[in-house]
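Me: I would like to go through this model carefully, one question at a time. Could you show me the sequence and structure before we begin?

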Amino acid sequence: NVRAARTRGSPLWHGLLGRSSGGMVVHLGVVLATVAIVSSVSFSTHRTLELSPGQAGTVGGHSLAYEMVRVVRSPVATATQLVVRVDGGLFYPGISTFAGGTVQTPAIDSSLLGDDVYLTYVPAARHGAVALSVTVEPYVSWLWLGGLVAGLGGVLAFFRPPRRRRTVEPVATAPVRELERV
């Protein structure tokens with residue numbers, strides 16, 4: 001369709017409009033998302049670190065430093081949070097206690113072009129130290145890219161390409177002879 005648009009002298013984006021071209025772009029997005037899911041699961045790294053205040057560690061190429069524990073109280077819950085520095089930024093994984101029970105609250109470092117880092121506070125550790133479960137999943141941003149490409153394909157499929165105006169060339173007709181009487 002792009003080649004046909006180029007041949008007729010139309011703008012190239014006219015060749016991307018329509019169900020056929022939009023469908024191909026949607027399929028490209030699905031392929032990107034599938035590769036992202038498989039790669040993210042295949043190349044993920046998981047490790048549990050036991051850290052004391054001020055101690056640091058490395059998981060999947062990301063530096064982590066445990067700084068302290070803080071307690072945050074609100075009218076409905078009490079949260080015990082770790083203050084953890086990941087590649088320079090502060091994150092607060094914790095455990096929140098409500099009247100009905102306890103809920104773990106992970107902290108997620110999600111970057112547009114980098115890895116996703118998931119931090120979870122694991123309460124069972126020796127005195128003075130904390131256990132921190134760290135999962136690094138690469139290529140998650142490619143999943144979002146695949147979704148955006150598939151959405152773009154859906155938009156392209158929705159719009160029809162502009163109709164070509166066909167020029168009607170005059171048809172030369174042969175002269176009509178009168179019928180002879182027999």
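The questions and answers below deal with a salt bridge, strand pairing, a buried residue and a helix.

This is a predicted model, in which local features need pLDDT of at least 70 and side-chain atom pairs count only at pLDDT 80 or more, while totals for chains, interfaces and linings use all residues. Residues are numbered from 1 along each chain as its sequence is written, and side-chain values use heavy atoms, with hydrogens and water left out.

Me: Which residue forms a salt bridge with E67?

Reply: A salt bridge here is a side-chain nitrogen of Lys or Arg within 4 Å of a carboxyl oxygen of Asp or Glu, and a search of the whole structure finds one. E67 lies in strand β3 (residues 62-73) and its partner in strand β4 (residues 77-86), so the pair ties together parts that are 18 residues apart in sequence; helices (H or I, at least four residues) and strands (E, at least two) are DSSP runs numbered from the N terminus. With the closest N and O atoms 2.8 Å apart, the partner of E67 is R85.

Me: How many bridges join β3 to β4?

Reply: Two strands pair if DSSP finds at least two bridges between them, and β3 and β4 form a hairpin with three residues between them. M68 stands opposite V83 in β4. The two strands run antiparallel, and the number of bridges joining them is nine.

Me: Which residue in β5 stands opposite R85?

Reply: Strand β5 (residues 89-91) runs antiparallel to β4 and is joined to it by three bridges. These two strands form a hairpin with two residues between them, and D87 in the turn has a positive phi of about 50°. Opposite R85 in β5 stands L90.

Me: Is S133 buried or exposed?

Reply: S133 is in strand β10 (residues 130-137), and it touches H46, R47, T48, Y118, L119, T120 and V122, not counting residues up to four places away in sequence, where contact means heavy atoms within 4.5 Å. Buried means under 20% relative accessible area, exposed over 50%, and partly exposed in between (1.4 Å probe, protein chains only). At 12% relative accessibility, S133 counts as buried.

Me: How far apart are the end C-alpha atoms of helix α3?

Reply: The expected span of a helix is 1.5 Å times one less than its number of residues. For the 19 residues of α3 (residues 140-158) this gives 27 Å, which agrees with the distance between its end C-alpha atoms, 28 Å.
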